[in-house]
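Biologist: I have a fold open on my screen and would like some help reading it. Could you take me through it, feature by feature?

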Amino acid sequence: MGGQTVLHMNEGNGDLSYARNSIIQNKVISVASEVAKEAILDLYCTTLPEWLNIADLGCSSGPNAVQQIHEIMDFVDQKRRQLRRSSPEFHCFLNDLPGNDFNTVFSGLPELYEKLKAEKGADFGPCFIAGVPGSFYGRLFPKSSLHFVVSSSSLHWLSQVPVNLHSETNVHLNKGKLYISKTSPPPVLRSYLEQFQLDFSVFLMSRSQEIIIGGRMVLTLMGRKSADPSSEECCFQWDLLANALMDMVHEGLIEEDKVDSLNAPCYCPSPEELMHLIDLEGSFAVNRLETIEVEFNASDDNDDDDDDRRGQQAAKTMRAAMEPMLSEHFGSGGIMDDLFYRYGQHFQEYFTHKKEPKLTNLLISMVRKG
C-alpha cells in the first residue's frame, strides 16, 4: 500500500466527505486556539515583522483547512490595531500530501478573501495563500523562511506502515487487528514506536531548518496519557473497526488474510515519548505541553441522545478518514456501506457501556532556539 498515495480524507462536500464529517478535528482546533494565540502574539510583539510567513502542515480539506490561518491573522490584526501599527503582509501556506483534495480548499478561498476584506477593511494585509503539496516528513520550505507553524490532528499519521509486522516466516503478527491492541505482541508495539520516533525526528529536523530563530510551532496530535501504548483511550476506535471487519470475515464476506495484512499507519504517543524526541533533536524549547480530551461526539447537536444516530455519525467520521485507505486495500467490491454500518453498531454498543468516549490529544507549543 503506497502510504502517500492513499493517505488522504474523503473528497468533496458530500454527505460522506471529510469536509462534512470533521467536527471532532474542529473541536481540537478550538481547544488549541488560546495556545496558538499566545504563541503568535508573543512572536509578533517581540519581532514586529513587516510580513509573517505561516504554514499549516496537514491542512486536509473542508472548513478546518483555513480556520487556523484565519484565526492567526485575526489575532495579529487585533493586536497591531491596539499597537497602532500598519498591518503586516500575511503569507500563508497550506500543506498536505499530493492526494489531498486541494481543489475543494482552493474553491473556498475567494469567499475567505471577501470575508477578510469585509471584516478588516482596506488597511489589512494583503494576504496571500498558497498550497504546498508534499510530506511534512521532510523539507518543504526554504531555510529560515517560516515565522509560525501549526499542525492539527495530523502528526499521529505516520509516513508509512511500520516494518517488521510479520515474522521471519511471513506470518502476520497483529492478526485480526488494525493497530496496537491488548493482544498485540511486543514486536508490534516496538515497530510502531520506532516508526514514530523516526518520523517525528525527521519532522523536527526539517522544521528546525525552515523556522527562523525565535519562530513558533504549535502542534496537536492524537496521543495518550498512559505509558501503555495499548491503552483504551487511544485504541478503542481501531478495535471497533477491527471488530466490524472480523464480523465480515466470519460471514465469509472478506478474507481473513486481508484483515491480518492491514495495519494503520498511525501512532498515538505519550507526552514522555514526545519530550524525549524533542530533547534529543535539540532545536526547540517547549513552552507548553498539555493533554486535552475531546468528546468523541461526531455530531454538533449536543442534545442528541439517539444512540443509533450517534453510532452512525461516528461511523461517518471514521469513514471520512479511512475509506480511501480501506478501498485501496480491499478493492472496489462495495463493502464500505456494510463495514461502516457495522462499525456504527459496535460504537453504539460500546457507548452504552461507557460514558461519552473521549479522544486524548497532545497539545505542544515550542519556540525555535538560537
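Modeller: We will go through the sheet, the helices on it, a salt bridge and then the empty spaces. Keep in mind that this is a predicted model.

Biologist: Fine, sheet to begin with. In what order do the strands of the open sheet come?

Modeller: Read a sheet from one edge to the other, asking who pairs with whom. Here 7 strands make up an open sheet, in the order E3-E2-E1-E4-E5-E7-E6, with mixed pairing. Strand E3 (127-133) and strand E6 (284-295) are the edge strands, each pairing on one side only. From one strand to the next, the twist averages 15°.

Biologist: Can we zoom in on one pair? How many bridges join E2 to E3, and do they run parallel or antiparallel?

Modeller: Strand E2 (residues 89-96) and E3 run parallel, joined by 7 bridges. For a spot to click on, try Asp96, which stands opposite Pro133 in E3.

Biologist: Now the helices. Which strands does helix H2 touch?

Modeller: For a helix on a sheet, look at the strands it contacts, then at the angle between directions. Helix H2 (residues 23-47) packs on the sheet and touches strand E1 (51-57), strand E4 (146-152), strand E5 (211-222), E6 and strand E7 (358-368). Its direction makes about 160° with that of E5.

Biologist: And where does H3 lie?

Modeller: H3 lies across E1, E2, E3 and E4, and runs at about 160° to E2.

Biologist: On to charges. How many salt bridges does the structure hold?

Modeller: There are 21 salt bridges. For any one of them, check the distance and then where the partners sit in the chain. Take Arg216 and Asp42: their closest N and O atoms are 2.2 Å apart. This pair links distant parts of the chain, with Arg216 in strand E5 and Asp42 in helix H2, 174 residues apart.

Biologist: What about empty space? How many cavities of 30 Å³ or more are there?

Modeller: The count is 3 cavities of that size. For each, ask about volume, then lining, then chemistry. The largest cavity holds about 690 Å³ of space. It has 44 lining residues, and those closest to its centre are Met9, Ser153, Ser154, His156 and Trp157. Helix H1 (3-6), H2, H3, E2, helix H7 (232-250), helix H10 (307-330) and E7 each give at least two residues to that lining. By class, the lining has 22 nonpolar, 20 polar and 2 charged residues.

Biologist: And which residues line the second largest cavity?

Modeller: That one has about 50 Å³ of space. Its lining consists of Ile29, Ala32, Ser33, Ala36, Gln68, Glu71, Ile72, Phe75 and Val150. H2 and H3 each supply at least two of these residues. The classes are 6 nonpolar, 2 polar and 1 charged.

Biologist: Last one, the open spaces. What volume does the largest pocket have?

Modeller: About 340 Å³. Of its 14 lining residues, Gly62, Pro63, Val66, Gly108 and Glu111 are the closest to the centre. Helix H3 (64-82), helix H4 (102-107) and helix H5 (109-120) are the elements that give two or more residues to the lining.

Biologist: Which element gives the largest share of that lining, and how does the lining divide by class?

Modeller: H5 gives the largest share, with 4 residues. The pocket lining divides into 5 nonpolar, 7 polar and 2 charged residues.

Definitions and conventions. Residues numbered from 1 in each chain as written. Predicted model: local features only at pLDDT ≥ 70, side-chain atom pairs only at ≥ 80, totals over all residues. Heavy atoms only, no water. 1 Å grid on protein atoms, 1.4 Å probe; cavity = no way out; pocket = protein on both sides within 12 Å on 5 of 7 lines; lining within 4 Å. Points joined across faces, edges and corners; volume = space filled by probe spheres on them. Nonpolar A, V, L, I, M, F, W, Y, C, P; charged D, E, K, R; others polar. Pairing = 2+ DSSP bridges. Axes fitted to C-alpha atoms, helices over the stretch in contact; angles between N-to-C directions. Contact = heavy atoms within 4.5 Å. Salt bridge = Lys/Arg side-chain N within 4 Å of Asp/Glu carboxyl O.
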